[in-house]
Amino acid sequence: MTVATQQRTTRQVQAFSADAADVVPTRNALAADGVVCLRNAIPRPWLDTIESGIVDALAGASSDVDVVQRDGDAGRFTFSSGAWRSVDGFRSYIFDSPLPDLVWRLLDSTDLTLFYDFLLIKEGRSDSAATPWHQDHSYYPVDGFKVVNSWVALDDIPAESALRFLAGSHHARTLYRAVDFDDPNRPYRHARNELPLPPDGINPDEVLVAPLQAGDMLVWWSYTLHSAPGNSQPNRRAAFSVNWVGDDVTYNAKPALDTYLEPSLTVGAPIACEKFPRVRGGGGRALG
Ligand SMILES: O=C(O)CCC(=O)C(=O)O
């Protein structure tokens, strides 16, 4: 994203109370824009549970942690994925907090299946830890459209370091090629070269920005294009995201990271299995 784009970005992601009795306006906003914000979605005790998980994950409980310190940055950029099985705090948050019900009521699906968790910490002054424009779906070996990311802010995140979304970019159902987060000019190792690259020259008037308070949660479709700047603030900017699939999703076994693959799955079949457990519906715990 160009500096000019950042300066002109003023529209915000539509925000709703997480406990609104009527969920229709929230669902409509998610359908229209491809992203929605749930204010105060996750209460402080659950954020503390995630924080205790972070301590354990970084102490070795997560087998998939990357810590990157880029040249010239004072702060590090740390991420971990697929750690819920070995990190108690992450598992407890995913299965026992209000999270699955908050997500399921936004998804028009008979069931809700856990795909994977993702921790992302941009320490203060990790200025170059920018995230290029991408779709989450480009990285996944699955077909279907009921795939959502539920991304909770663990810190207050001002507009300067907040996520940006291209409003309505999920509508065309165009799957773009995966890009390399470390260097968008380098081919991603599992890129499908037959797919188009994400669009260049995003129109700043169509960009939604998402400044958040700790505990606010963004929910977006896996086809929604999004990006984020590095963290030029002095404070940590951390988030924990949980990715879910609904009842139209099937496995396609396309090349992908191990986190997203399960060799025992059949191409064309739903992905629910031991690695990707069904959490609601279809034998999972009932909603409400
Ligand atoms: O927060 C960020 O910098 C990127 C998050 C993101 O793109 C994602 O979780 O898919």
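Reader: Is R173 buried or exposed?
Author: Happy to start there, with the reminder that this is a predicted model, in which local features need pLDDT of at least 70, side-chain atom pairs count only at pLDDT 80 or more, and totals for chains, interfaces and linings use all residues. Residues are numbered from 1 along each chain as its sequence is written. A residue is buried if 20 or more other C-beta atoms, placed from the backbone, lie within 10 Å of its own, exposed if 12 or fewer, and partly exposed in between. R173 has 9 other C-beta atoms within 10 Å, so R173 is exposed.

Reader: Where is R173 found?
Author: Strands (E, at least two residues) and helices (H or I, at least four) are DSSP runs, numbered from the N terminus. R173 has a positive phi near 55° although it is a residue other than glycine. It is found in the loop between β9 (164-166) and β10.

Reader: R125 also interests me; what does R125 count as in terms of exposure?
Author: R125 is found in the loop between β5 and β6 (131-134), and its phi is near 60°, a positive value in a residue other than glycine. R125 has 18 C-beta neighbours inside 10 Å, so it counts as partly exposed.

Reader: What radius of gyration does the protein have?
Author: The radius is taken over C-alpha atoms, and the globule rule is 2.2 Å times the number of residues to the power 0.38. With 288 residues, a compact globule would come out near 19 Å, and the protein agrees with that at 18 Å.

Reader: Why do the buried residues of helix α2 lie on the same side?
Author: In α2 (residues 24-33), the buried residues are T26, L30 and D33. They are on the same side because the arc they cover, that of the directions from the helix axis to the C-beta atoms, is only 90°.

Reader: Which exposed residues does the face of α2 turned away from its buried side carry?
Author: The buried residues of α2 pack against β1, β2 (35-39), β10 (207-209) and β11 (217-221), where contact is taken as C-beta atoms, placed from the backbone, within 7 Å. The face turned away from them carries V24, P25 and N28.

Reader: Which residues have the most contacts inside the largest nonpolar core?
Author: A nonpolar core is a set of buried Ala, Val, Leu, Ile, Met, Phe, Trp, Tyr and Cys residues joined through C-beta atoms within 7 Å. The largest one here has 71 residues. Leaving aside neighbours within four places in sequence, V219 is in contact with L30, V36, L38, V103, L106, V148 and S150. The residues with the most contacts inside the core are V103, V152, F165, L218 and V219.

Reader: How many charged residues does the shell around the ligand have?
Author: A residue is near the ligand if its C-beta atom, placed from the backbone, lies within 6 Å of it, and the shell comprises F118, L120, T131, D136, N149, W151, L163, H226, A228, A239 and S241. Ala, Val, Leu, Ile, Met, Phe, Trp, Tyr, Cys and Pro count as nonpolar, Asp, Glu, Lys and Arg as charged, and the others, Gly among them, as polar. By class, six are nonpolar and four polar, while the charged count is one.

Reader: Which strands each supply at least two residues of that shell?
Author: There are 15 strands in the protein, along with five helices. Those that each supply at least two residues of the shell are β5 (112-122), β8 (147-153), β12 (226-228) and β13 (237-245).

Conventions
Two residues are in contact if their C-beta atoms, placed from the backbone, lie within 7 Å.
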